[in-house]
Number of protein chains: 2
Amino acid sequence: MDSEQLREYGHKMVDFIADYYNNIENFPVLSQVQPGYLRKLLPDTAPAHSETLEDVLEDVQKKILPGVTHWQSPDYFAYFPSNSSVAGFLGEMLSAGINMVGFSWITSPAATELEMIVLDWLAKALKLPDEFLSTGQGGGVIQGTASEAVLVVLLAARDNVLRRVGKDAIDKLVVYCSDQTHCSLQKACQIGGIHPENFRMLKADPSSDYALSPDTLSEAVSHDMATGLIPFFFCATIGTTSSTAVDPLLALGKIAKSNNMWFHVDAAYAGSACICPEYRHYINGVEEVDSFNMNAHKWFLTNFDCSALWVKDRSALIQSLSTNPEYLKNKASQGNLVVDYKDWQIPLGRRFRSLKLWMVLRLYGLEKLQAYIRNHIELAKLFEELVAQDQRFEIVTTRKFSLVCFRLLPLQSNEDYANKLNHDLLDVVNSTGKLFISHTLLSDRYILRFAVGAPLTEEKHIIAAWKVLQDEAATLLSKY
Amino acid sequence: MDSEQLREYGHKMVDFIADYYNNIENFPVLSQVQPGYLRKLLPDTAPAHSETLEDVLEDVQKKILPGVTHWQSPDYFAYFPSNSSVAGFLGEMLSAGINMVGFSWITSPAATELEMIVLDWLAKALKLPDEFLSTGQGGGVIQGTASEAVLVVLLAARDNVLRRVGKDAIDKLVVYCSDQTHCSLQKACQIGGIHPENFRMLKADPSSDYALSPDTLSEAVSHDMATGLIPFFFCATIGTTSSTAVDPLLALGKIAKSNNMWFHVDAAYAGSACICPEYRHYINGVEEVDSFNMNAHKWFLTNFDCSALWVKDRSALIQSLSTNPEYLKNKASQGNLVVDYKDWQIPLGRRFRSLKLWMVLRLYGLEKLQAYIRNHIELAKLFEELVAQDQRFEIVTTRKFSLVCFRLLPLQSNEDYANKLNHDLLDVVNSTGKLFISHTLLSDRYILRFAVGAPLTEEKHIIAAWKVLQDEAATLLSKY
């Protein structure tokens, strides 16, 4: 670690990355390489002797970048966005520069304290109840991903109930969610040893735009209790992965509460929109909730990874996840004077991730962040209008945020045929490299997802993407 | 995301970080702030309007850095090191610049393929058996931390055995390790629902320098089997946290294998040393092992986080951790043509972490990396000699790598008094801000740990640190 070499090479790398962004539209959005391409281009073993930065950067340009799918391209509309920004990038760089491991407060007090403060800021921007602030019994913590967020609260809830009913009752514990819930909850159940037959994915249907009906939850819980099972965890979603459906928190929360269930909300994608007053109503009822999660790395300009989790009762997390070996003991921790985030998460070590979220909030400010969200929603509306004007296509669900779910209509009304048609359209469109979209299934129909949210996307990119979709659709329809 | 703003601000941040390294010796190594210090310095809410980079950097300098414990300081000797290097820093920067989320191969083929290739490189540098290479049934994967590494293999092993004996037998599953094993294994057991009374921390005593005796393992396993329990997981350590003890892999592995147990090796810290031929013998017997873990972010110049995990049977991991929702399906995955690392880890999303390890291996090369390890071990030897020459102190365990365990001898032979004396010595030394060391307990004795491994540490820092220790010890002894 030579500071002058860091300076010299660091400047070169900054220029390399700035040039990458200048040229990003020249790459195919979805990488077009074949499986195993890179092994043919790199040696079998690590070099014995050092190589130059120039050699490495040339390899990045010629060998790595062709294998990258460019999530930051303005023509990226797949999955959900994964935002990068100047502020987020600077925060990551500073975190890598300081390179400390913040498992306990003492290992860098600023890392723990800035995280507490910045998550309080964000909680206030979302108008979350005061119980979620770090000044009370709850607080926020940055997890790597929404998967880790739902896992840690599931474990806290599991151990809470097992302390009450005895640990041998794990086979009786039941988890509820809608069938639109992200697969990470199912994975969390597998990890936590919840029996697969006690994982209830309740059907959410098109009549409610794929939101879970409180009656459905209520019936399932009553039925399970009648058979001696123990409902203990319910997860609702604000902005489901497939179609950004919004579960009704207030009504669902009352059911969860009256049945002593832990109520978690996954707002990984759509939580960001709730900093705008006109979208805040989607989380009405959040007062009923035990834990709330929103990914700042999706649609909030904070480079991956930064998943904000708030809980009302931090002691539940700590009881499940704490360790206290001698070699980590220190005065501040032993005196209960501080938060040690190691006890709120799966790993021991943790990076200084609050820096990037702090920089995003300070370098942009809440008003610009609101404008940023609104702009993407306007662009999604534009795309929706373009689709609606073309009778060969249909809009499948009501657009709420910046995702449009649509499909190409088949010439014959045969669903298998329709599914194949849209599957093929996805394939040819992504193969052009001009844009990248992804898909889902809704009520057994193959649906195309157009998710606006890359920071560089402008109106012209929406229009160009739509043109590609129309052209490829025309070619396909003429062939069938 | 404006590429010219990224260039301008990026250069400023590089200079800020280079200046930080130039001045790093001027900071107290261990932050001297009091709990809650930062809340007094920052506002209660996020700003509505954007602020300037100059304002933010000024706050970093004046408010954040005083709360940082400087892991990169040459006077940092606590815990284990967490290396930063120019190459590791550049890799982090490039990863943040590209900012893609590599859960599946298709989301950036280069991210998955470079990880496979680079972990093959590292496996070869460590002379791991070929079964750990990605070209067979096994392979390597980068986890965030050793905690996640041990958790995923524990889950794979748990589900393997439960498929055989039925999932209701979870209360019969037994995990073994020595009482010197890192606390992350105990946490993994808690997470995975292993009953606490079935977690066996077997006593490792000073006669073997805290290595686990094969007889002890063998007896415990036999006893449990006789009572109808099911031994299924054993973890050995190469370089324990307290004293870098080395468990004998070959003998222990034969016991694990003959009892159908999953055998995991935690070489988080000392694995790095095994790239040197003269230290490779410490992992003799690794052929018996099912999974092997080494943290490149500790002592291998790769910025945090980068924990390399190799398994012989990747299908075990995948069976436990895979999800396959419609919205993530794609041709390459469905055709089984590729590795999707989402199924080897807890989270769904993942960063492009192989870039930094690749850059470390290329910009330094294996010979320089070996020299780097040897230099730290020489510096630890120097410190050991200095301690040995001072009759007021004693060396407590045989030094194997770059950690020296020692203590100040009490004037009266009273262990409580000795413990308090060393506790106080730690406290006063760390309060000087001139160095940072940590402690442990070995056979109920309070021991000081001096871990060499920060990249900037030179002989003069060892000598200066020893001088502070001697001076503070003299003052303390005169008071008692």
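**Helix packing and chain symmetry**

Helices H13(A) and H14(A) are oblique to each other, oblique being any angle outside the ranges under 35 degrees, over 145 and 65 to 115. This is a predicted model, where local features need pLDDT of at least 70, side-chain atom pairs count only at pLDDT 80 or more, and totals for chains, interfaces and linings use all residues. Residues are numbered from 1 along each chain as its sequence is written, chains are lettered from A and ligands numbered from 1 in written order, and side-chain values use heavy atoms, without hydrogens and water.

Back to the pair. H13(A) covers residues 415–431 and H14(A) residues 459–479; they pack at about 130°, axes 10 Å apart. Helices here are DSSP runs of H or I, at least four residues. On the H13(A) side the contact, meaning heavy atoms within 4.5 Å, includes Leu421(A), Asp424(A) and Leu425(A), and on the H14(A) side it includes Leu469(A), Glu472(A) and Ala473(A).

Next, H5(A). Its 20 residues, 146–165, should span 28 Å at 1.5 Å a residue, and the end C-alpha atoms are 28 Å apart, which agrees; the expected span is 1.5 Å times one less than the number of residues. Of those 20 residues, 16 are buried, that is, under 20% relative accessible area with a 1.4 Å probe, protein chains only. Gly166(A), just after H5(A), has a positive phi of about 95°.

Last, the two chains. A turn of 180° and a shift of 0.0 Å along the axis lay chain A on chain B with an RMSD of 0.0 Å, superposed by least squares on C-alpha atoms of residues with pLDDT of at least 70 in both. The copies are thus related as by a two-fold rotation axis.

Notes:
Helix = DSSP H or I, 4+ residues; strand = E, 2+ residues; numbered from the N terminus. Buried < 20%, exposed > 50% of the residue type's maximum accessible area, 1.4 Å probe, protein only. Axes fitted to C-alpha atoms, helices over the stretch in contact; angles between N-to-C directions.
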